[in-house]
Amino acid sequence: MSAGRTFTVAALLAAASAVGYAIYFDHQRRSSPSFRKSLKKRISKQEKQLKESHKQEQVARAQEVANYLAEELARDPIPADSDPNAQQLAFSAYIEQGDRLAAVPGNEMEAAAKFYKALTVYPNAAELLGIYQKSLPEKLYENVVLMIAAIPPANISSFLEGDDAATSGPTPDVD
């Protein structure tokens with residue numbers, strides 16, 4: 001028997017075995033309730049593991065963004081000047097730096113930190129956040145939102161607290 005013939009016979013046996021297993025698997029899937037049940041359990045277990053790993057990745061990413069922001073704010077704090085002209089200058093500088101950093105791939109976190117800082121000095125944070133959503137790339141916007149969730153700026157916190165106060169009704173005046 002030549003090597004080519006041996007290879008052909010081996011390939012045919014492998015193909016026949018694969019087809020036979022496929023037929024057996026299909027028969028079991030269609031006719032055996034216990035096989036279907038175990039197959040569904042395996043599939044649901046895999047889906048659950050996938051969801052859990054995705055959730056862990058999201059938590060890790062949120063933690064990474066929060067750590068980066070804390071380090072960035074420690075290195076370069078947001079100016080506490082209440083002068084509108086100083087805030088406008090800081091806003092313009094942060095937006096410009098964020099745009100420059102966003103143009104270079106790999107600088108998403110640094111750019112998001114600059115956009116976050118611009119958001120903190122902007123008087124109408126909700127409006128600016130809407131603009132960010134429309135104009136920033138998705139990954140960059142997600143980083144900004146994660147930064148807001150990690151360390152909410154004062155203008156966002158007051159906005160959120162204002163919503164809670166508006167929905168809960170008037171508060172009684174106690175003298």
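**Surface and burial.** I began with the accessible surface of the protein chain in this predicted model, which comes to about 12500 Å². Carbon and sulfur atoms account for 59% of that area. I then looked up burial and found that 23% of the 175 residues of the protein chain count as buried.

**Confidence.** I checked how far the prediction can be trusted along the chain. The average pLDDT of the protein chain is 84, and 88% of the residues score at least 70. Helix α1, residues 3-31, has the highest confidence, at a mean of 92, whereas helix α7, residues 154-168, has the lowest, at a mean of 53. Over residues 163-175 the pLDDT stays under 50, and I noted that the model has zero contacts there beyond four places in sequence. Where pLDDT is low, the predicted coordinates should not be read in detail. I therefore do not interpret the details of residues 163-175, whose pLDDT is under 50.

**Elements.** I counted seven helices and zero strands in the protein chain. Of the contacts with a separation of 6 or more, 60% join residues 24 or more positions apart.

**Helix α2.** I looked up the extent of α2, which has 43 residues. From its first C-alpha to its last it reaches 63 Å, close to the 63 Å expected at 1.5 Å a residue. I listed its buried residues as Phe 35, Leu 39, Val 65, Ala 66, Tyr 68, Leu 69, Glu 72 and Leu 73. The cover over these buried residues includes α1, α4 and α6.

**The nonpolar core.** I next examined the largest nonpolar core, which has 28 residues. Those with the most contacts inside this core are Phe 91, Phe 115, Leu 119, Tyr 132, Leu 136, Val 144 and Met 147. Helices α2, α3 (84-103), α4 (108-121), α5 and α6 each supply at least two of its residues. The largest share, nine residues, comes from α4.

**Helix α5.** I followed Tyr 132 from the core into α5, residues 125-135, where Ala 125, Leu 128 and Tyr 132 are buried. These three lie on the same side of α5, because they cover an arc of only 60° around the axis. An α-helix has 3.6 residues a turn, so residues three or four places apart point the same way. On the other side of α5 I found Gln 133 and Lys 134 exposed. I also recorded the contacts of Tyr 132 beyond four places in sequence: Ile 95, Phe 115, Ala 118, Leu 119, Tyr 141 and Val 144.

**Helix α6.** I compared the span of α6 with expectation: its 13 residues should span 18 Å at 1.5 Å a residue, and its end C-alpha atoms are 18 Å apart, which agrees. The buried residues in α6 are Leu 140, Tyr 141, Asn 143, Val 144, Met 147 and Ile 148. Seen down the axis, they fall within an arc of 160°, so they line one face of the helix. The face turned away from this buried side carries Glu 138 and Ala 149, both exposed.

**Leu 146.** I asked last whether Leu 146 of α6 is buried or partly exposed. Leu 146 counts as partly exposed, because its relative accessibility is 23% and buried requires under 20%. Leaving out residues up to four places away in sequence, Leu 146 touches Arg 61, Ala 62 and Val 65. Val 65 is one of the buried residues of α2. I also looked up Leu 146 against Leu 69: they are 77 residues apart in sequence and 9.7 Å apart in space, C-alpha to C-alpha.

Definitions and conventions: Residues are numbered from 1 along each chain as its sequence is written. This is a predicted model: local features need pLDDT of at least 70, side-chain atom pairs count only at pLDDT 80 or more; totals for chains, interfaces and linings use all residues. Side-chain values use heavy atoms; hydrogens and water are left out. pLDDT is the predictor's confidence in each residue, from 0 to 100. Helices (H or I, at least four residues) and strands (E, at least two) are DSSP runs, numbered from the N terminus. Contact means heavy atoms within 4.5 Å. Buried means under 20% relative accessible area, exposed over 50%, partly exposed in between (1.4 Å probe, protein chains only). The arc is that of the directions from the helix axis to the C-beta atoms. A nonpolar core is a set of buried Ala, Val, Leu, Ile, Met, Phe, Trp, Tyr and Cys residues joined through side-chain atoms within 4.5 Å. Accessible areas come from the Shrake-Rupley method with a 1.4 Å probe; for residues, only the protein chains shown count as cover. The expected span of a helix is 1.5 Å times one less than its number of residues.
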